[in-house]
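Let's take a walk through this structure together, one chain at a time. Have a look at it first, and then we'll go through some of its parts.

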Amino acid sequence: MKLFRPMRGHGESDTDAALLRAVADGDAAALATLYDRHAGWLHARLTRRCADPEVAREVLQDTFVTVWRSAAGHRGGEAGGWLWTIAARRLVDARRVQERAARVETAPMDVLGAEAPSAEERVLAGLEFGDVGTALDRISPELREVLRATVVDGLTTREAARLLGIPEGTVKTRAMRARAELRAALAQLSPTPTPAPAGGPA
Amino acid sequence: MSTIRVTGLHVRHRRTVALDSVDLDLGPGVHGLLGPNGAGKTSLIRVLATVAAPNGGRVELLGDDVADHRRRAAVRRRLGYLPQEFGFYPGFTVREFVAYMAWLKEMPAAGTPAAVERAVARVGLADRIDTKVKTLSGGMVRRVGIAQAIVNDPQVLLLDEPTAGLDPEQRMEFRALLRELGTSSTVVVSTHLVEDVAAACTEVTLVESGRIAYRGTPASLTELGASADGVGDHPIERGYTAALRAHRASAATPEGAAR
Amino acid sequence: MSTDHWHASDDLAARYADGTLPEADAWSLERHLERCGGCAQRVSAAVRQLPAPALVLAEVREAVLAQAVPSEVREPSTVLAEAVASEVREPSTMLAEAVPSEVREPSTMLAEAAASEVREASTAPPAPRARLWSSFLARPLWAAGPAVRGAWLPAVLLVALGALALAYGAGVDGARPLLLAAAPVVPVLGVALSYGPHADPLHEIAAATPSGGLRLLLTRTVAVLAVSLPSLTLAGLLLPASGAPGAAAWLLPGLALTLATLTLAGYVGCRAAAAVTGGGWLCAVPVPALASSADAPLTRLTEQLSLVLDGPLAQGAWATAAVLCAAALAAGRSAYRMERP
């Protein structure tokens, strides 16, 4: 069946938006192209947030299967942002299923995974430049992960609570504290919106 | 992008007119369908769900005319529908029921078990997944109905009175789910609970006597409640009654009738 | 966007990929990747440079593309075309052939089940084998509608066993003509109990799915035929002939009446359609025979059945009727549009 589909030339119209339109029309080749462009970084980002590699893999697969089914629902924003929204929601869903499994087995499964804090410590050990980095270094890992979930990953309070395995109220108070502690540093950075620390040579 | 486009829709039940030249254009987001009982909300949802054929007018879902039977199957694969009332086979467990619906929706078999678990988890019934549906309470059966509607990650999701029978806490959870679903799909929720609309919807459509009486956002309806004279405990309830009265008044005057 | 002029260097991409980039830098890069397709591509390429993620990415890619099947594969028109084409070959196998392919090829199903099992096994946490197999076994059963799930199934067995009991238990000579007279109505009743708001508690939801309408009714009709054709024919074979036509003589009339019911059902609903066709058969064949001659009703019935069932002419007529009904069904399938409100 696939063979008889008119193939779209990806020459001039191979923007992500055009790819998504083609995917919405059922073009599997466009899905493959989209996958090759975005799966890599999505996987890396999921891996940073999820200690279990199998969950990261499953979430990545679910994300692209969802893209295949609901590309037509894409409202024309940035494809990368849309993909991450789906992946983040799927990650939260995966946590829910895990939580259930943990309850059933009565084996208390560490929701964030045992390796996460140590990995974060390792990461933080290498953090040496930039005001935000310094500021982040000062606040506790609990505040950092709440900040990452709510600010960077765009999750709702409820979703962040699910992801991190803490009550919603705790997410709110931690987010408030983290913001308060970071506000000064972020204000310092705001005149130069370029992420200088990231772009600078090591 | 509009995913639901309805023009000149006309639906009759025997001699009574259920919907009268309704035009509607809906895109992704959560759309609340408000109106008194018998206003035509269920008729509209059933027509959008491709369950009932309209007596006149055109219904386009996801860019396809649903009257065209060749395109209808493709549209229906991307559709989720929770009717006001539904039954089930007595022997089914929650998992079997949702998986059966996934089969009817022609989902690829490989992805079905995971999709079923996810849908059931999303409605908070993960710990009841292998329970027989007939042993569940009314509110839980309702949530099973929501799970079957979302199992295929529908792009158009039609829910007729989904919060009926849910307790207040479940309603809150359900609203959060609605907001989540509305980020990527077009969700139409019929309800007579104004507070559901205020909490979860991005847009409001008010139906009265088979016609669209008001279209706006929860905020604009609340604003209307602040400025116009309506009855209700909450500004949006006052907005609701004010919009209804305004529509009735305009329908009663000759100019209104001529429209 | 404020970051439009800034792009990720190869070094930055590599350090993000291997997880050594500090958190704050990772955050700003992540936000940037959501907006910048070029950098997204570069970072993805950097991730693919690492052996472990590269392997995962390749495997997931394969799994995703395996699920990305074009959705137009199973158009009802194709199914009907197939149905009508095979109808020309051999009427009795027509529905049996048309629908399994419609219901999903068993071999594909196995492959799919196996594939999902492999995936489940490798994805570890919730992978109970038993669940997969039970869902695999459940699938063919799902083709069975409310008729085969409900009271109709015992009714069929009751007819078959009743005829046997009549012949061998009560010693009634003429059980086969009675069975032959009743048999064509059995699948018709099965159709009536298979689809529609009165018969199926799931009707309202099922009607909004791609399987809804004629497709689901055909699937369920096959289940009905798969149960009734063999059981009633087998029962007939076990009965003494008593001068009645062969045990298989009812198959073509049964099929023709079933198809006629399906054709009519598009316009008037399953229940009314079954009443017309099943009632028509009963009024035309057994009722006059049993009512008219009080002295030897069974003999009259046998004669009547021989007239309508025996010989190439009668069977040819039923075959023609079946073909015509199938053609009418194919032509009138648009009658199965949507329920009138």
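Let's start in chain C, keeping in mind that this is a predicted model. Pick out residues 11–40 of chain C: this span is 73% helix and 0% strand, and the C-alpha atoms at its two ends lie 14 Å apart. Does that stretch have a label? An unreviewed UniProt entry annotates residues 11–40 of chain C as "domain: Putative zinc-finger".

Now slide further along chain C to helix α4, residues 51–67, which packs against helix α3 of chain A, residues 53–70. The two axes are 9 Å apart and meet at an angle of about 35 degrees. If you're wondering about the handedness, the crossing of α3(A) and α4(C) is right-handed. Who does the touching here? From α3(A) come A:Arg57, A:Leu60, A:Gln61, A:Phe64, A:Val65 and A:Trp68, while α4(C) brings C:Val56, C:Val60, C:Ala63, C:Val64 and C:Gln67. Sort the residues of this contact by class and you get 8 nonpolar, 2 polar and 1 charged.

Over in chain B, it's time for strands. Here 4 strands make an open, antiparallel sheet, and they're lined up in the order β2-β1-β4-β5. Why do β2 (16–26) and β5 (64–65) of chain B each have one side without a neighbour in the sheet? They stand at the edges, so each has just a single partner strand. Elsewhere in this sheet, β1 (residues 4–13) and β4 (residues 56–61) of chain B pair in the antiparallel sense over 5 bridges. To see one spot along β4(B), find B:Gly56, which has B:His10 standing opposite.

Note on methods:
Residues numbered from 1 in each chain as written. Chains lettered and ligands numbered in written order. Predicted model: local features only at pLDDT ≥ 70, side-chain atom pairs only at ≥ 80, totals over all residues. Pairing = 2+ DSSP bridges. Axes fitted to C-alpha atoms, helices over the stretch in contact; angles between N-to-C directions. Left-handed = near helix turned anticlockwise from the far one by under 90°. Contact = placed C-beta atoms within 7 Å. Nonpolar A, V, L, I, M, F, W, Y, C, P; charged D, E, K, R; others polar. UniProt positions renumbered as here; feature names shortened; annotations may be inferred.
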